[in-house]
Amino acid sequence: GIREGRSAIVFSLLYPFAGNDWVLECDGALYRSGSTMELGKSCVFQVTTPRTLPFQRSYKIYRDGELVNEFSSNDHQYQIPVTERGVYRLEVWARTRTLFRAGISNDTPYILYNPIFVN
């Protein structure tokens, strides 16, 4: 729950949360926001967003407060290898269009996950 740090800030007015997930799979075990784990031989972040999310997504992964990976896509699933220790956070942003200026796109925060601690 919230006390363990297993939470995320979701801007559900943009799109409902159902169908989103961020986990770290490491040597067969799964870890979520708020978890602390030891870096193993095979560690991969798995990021999932709903197939029906109508916006292009931007993903930002931070390690120890520094942006270490950023990419945009319409795909709904990614795997990102983890090879270094640190405190990792994920942000998912949506490229939206304003109602008044249909030709202008804005990046809007959609989900801000609490960190996963990799020792």
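Mentor: Quick term before we look around: two residues are in contact, or touch, when they have heavy atoms within 4.5 Å of each other. Also, this is a predicted model, where local features need pLDDT of at least 70 and side-chain atom pairs count only at pLDDT 80 or more, while totals for chains, interfaces and linings use all residues. Residues are numbered from 1 along each chain as its sequence is written, and side-chain values use heavy atoms, with hydrogens and water left out.

Trainee: Okay, so what does L24 touch?

Mentor: Leaving out residues up to four places away in sequence, L24 touches A29, L30, Y31, M37, C43, V44, F45, V82, I116 and V118.

Trainee: And which residues touch the most others in the largest nonpolar core?

Mentor: W22, L24, F45 and L90, out of 26 residues in that core. A nonpolar core is a set of buried Ala, Val, Leu, Ile, Met, Phe, Trp, Tyr and Cys residues joined through side-chain atoms within 4.5 Å. Buried means under 20% relative accessible area, exposed is over 50%, and partly exposed is in between (1.4 Å probe, protein chains only).

Trainee: Which strand gives the most to this core?

Mentor: β9, with four residues. Strands here are DSSP runs of E, at least two residues, numbered from the N terminus.

Trainee: New topic: what's the strand order in the open sheet?

Mentor: The order is β3-β2-β5-β8, four strands with antiparallel pairing. Two strands pair if DSSP finds at least two bridges between them. β3 (29–31) and β8 are the edges, each pairing on one side only.

Trainee: How many bridges join β2 to β5?

Mentor: Six. One partner pair is C26 with C43 in β5.

Trainee: Now K60. Where does K60 lie?

Mentor: In strand β6. That strand is mostly covered, with six of its eight residues buried. β6 also pairs with β7 (residues 66–73), antiparallel, over seven bridges.

Trainee: What stands opposite K60 in β7?

Mentor: E70 does. K60 is buried yet has no salt bridge, and E70, the nearest side chain of opposite charge, is 4.0 Å away. A salt bridge needs a side-chain nitrogen of Lys or Arg within 4 Å of a carboxyl oxygen of Asp or Glu. For charge, Lys and Arg count as positive and Asp and Glu as negative, with His and the chain ends not counted.

Trainee: What else does K60 touch?

Mentor: Its contacts include L67, N69, R89, L90, E91 and W93, again skipping residues up to four places away in sequence.

Trainee: Last one: which residue takes a positive phi in the hairpin of β6 and β7?

Mentor: D64, near 50°, and that hairpin has two residues between the strands.
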